[in-house]
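The two exercises below concern an enclosed space and a helix pair, and each is followed by a solution that goes step by step.

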Amino acid sequence: MTLSILDLAPISSGQTAAEALRDTIDLARRAEELGYRRYWLAEHHFAPGVASSAPAVLIAVVAAATSTIRVGSGAVQLGHQTPLSVVEQFGLIDALYPGRVDLGIGRSGQRRAELAKAPAFEAKDARVVDGLLIPPPFDFSRLAKHPHLIHYATLLQQPGAQTPDFAGQIDDVLAFLNGTHEAHAVPGEGADVQVWILGSSGGQSAQVAGERGLPFAANYHVSPSGVLEAVEAYRAAFKPSDALAEPYVIVSADVLAAADEPRAREVAKGYDLWVRSIRTGAGAMPYPTPEEADAHVWTDADRELVKDRVDTRFVGPPDQVAEGLRVLRRVTGADELLITTITHRHEDRALSYELLADAWNRP
C-alpha cells in the first residue's frame, strides 16, 4: 500500500473536541484494517476546528488503539520546542510501541517569521505539468503579518526565546537519537524512530532533508504551487545516509471520494469556507454543514483567496479520484501519497478512505 493518512482531528460544527478525538481513534483503527501504511497527526494551534494541538500525546493514544500501522507527526513544529523535548516525547512512544513511530518535523515557526519580513509578493500564472495542475502561489506573507497570528506566535514560546537555525536543530535531534550528543535523552537515545522533514518549497527544509539523507514530505495540499520545486530541490541535495540509500518522497493531497459525482460534490461542501477561515487569519473554523456552506455569501475576493486549494482538491467517484492521485504520483515521482480528507460527517470521511483504498488497490 502506497497511501498514508494525515489527520487534523477536525472538529465539525456542533461537535466537541472530545467527539472529534474519538473519531480520530475510530478512523485510525479503520485505516489499519484497510491497509493504509501510516497514520500521521498534524500540529495546529488556536484553531476552533482542529483538535490536534499536541501530536505526541495524540500519537500515543492512536498507537495504543492500533497494532500494526505506523503512527507519526505531520509535523511537529520544532520552532516551538527544543530538540531534546521532541526526542524524549517520541522516544517514550517508541519505547511502548517500538518500530512504528515516524517523527515528522516542520519549520513553520521560523518560516512564519521569515514570511512576515518577505519582500513584495510576485504573482505567477497557473500551469499544467503532464496533467497536474500547478496553481499560482498563494501570498502567505500577507497571512503571516496578520495581527492575530503575530500575537499567537508569542504565546507558543517562552518570552524572549529565540529559535535556533533549523539545520542545527535537526542535527541535535539526530544526535540525541543516535547517541552522539554530549547529553543523553532517556527515553529517546537509540529509539527506532524514523525522522522525516516536511516542506512546501525548495527552501531550507528540502535542503536539510536531502543533505542529511532523510525522507521528505512535500506539501501539495496546503501549498500546491511549490510541490515540484520542493521535490526537485530535495533530490538535488540528497546524499545517502544510514537511514536512506536514495531519496524517498511522500506527497500530500486533499481528497474526497464518494459513491458518485453528485454525492461527492454535496459532501465536499464546506471545504472552501473552511479554507477561507484559515486564510483570513481566524484559524480553522469548525467544519460547516452543507447547509451552513450554502448560506455563505461569497465575494470575488473570497473565491480568489481559496482558489488554489479548491482547484487542487481531488473530489469525485473513487476511480476518478484514484486516477487523479496517480497523476500526482507520476508527476512528482512520489514513493507514497499522504491523504487528508475532511468532511462534516465522520462517516462520510471514513467512507471516503474506504472507497479510495479499494479503488487504489484494484488493477
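Helices here are DSSP runs of H or I with at least four residues, numbered from the N terminus. The model is predicted.

**Exercise 1.** Determine how many cavities of 30 Å³ or more the whole structure holds, and describe the lining of the largest cavity by residue, by helix and by class.

*Solution.* Step one is the search of the whole structure, which finds one cavity of 30 Å³ or more; the volume of the largest cavity is about 60 Å³. Step two lists the lining of this largest cavity, which consists of P10, S12, Q15, A20, D23, T343, H344, R345, H346 and R349. Step three assigns residues to helices: at least two of the lining residues come from helix 1 (17–34), and at least two come from helix 15 (346–361). Step four sorts the lining by class, giving two nonpolar, five polar and three charged residues.

**Exercise 2.** Establish how helix 8 and helix 9 are oriented towards each other, and which residues make the contact.

*Solution.* Step one takes the geometry: helix 8 (residues 204–211) packs against helix 9 (residues 227–237) at an angle of about 30 degrees, and their axes lie 7 Å apart. Step two applies the cut-off, in that angles under 35 degrees count as roughly parallel, and helix 8 and helix 9 are therefore roughly parallel to each other. Step three adds the handedness, the crossing of helix 8 and helix 9 being right-handed. Step four names the contact residues, which are A206, Q207, A209, G210 and E211 on helix 8, together with A230, A233, Y234 and A237 on helix 9. By class, this contact comprises six nonpolar, two polar and one charged residues.

Definitions and conventions
Residues are numbered from 1 along each chain as its sequence is written. This is a predicted model: local features need pLDDT of at least 70, side-chain atom pairs count only at pLDDT 80 or more; totals for chains, interfaces and linings use all residues. Side-chain values use heavy atoms; hydrogens and water are left out. On a 1 Å grid over the protein atoms alone, a cavity is a set of points where a 1.4 Å probe fits but cannot get out, and a pocket is an open set with protein on both sides within 12 Å along at least five of seven lines; lining residues have an atom within 4 Å of a point. Grid points are joined across faces, edges and corners, and a volume is the space filled by probe spheres set on the points. Ala, Val, Leu, Ile, Met, Phe, Trp, Tyr, Cys and Pro count as nonpolar, Asp, Glu, Lys and Arg as charged, and the others, Gly among them, as polar. Axes are lines fitted to C-alpha atoms, for helices over the stretch in contact, and angles run from 0 to 180 degrees between N-to-C directions. Angles under 35 degrees count as roughly parallel, over 145 as roughly antiparallel, 65 to 115 as roughly perpendicular and the rest as oblique. A crossing is left-handed if the near helix is turned anticlockwise from the far one by less than a right angle, and right-handed if clockwise. Contact means heavy atoms within 4.5 Å.
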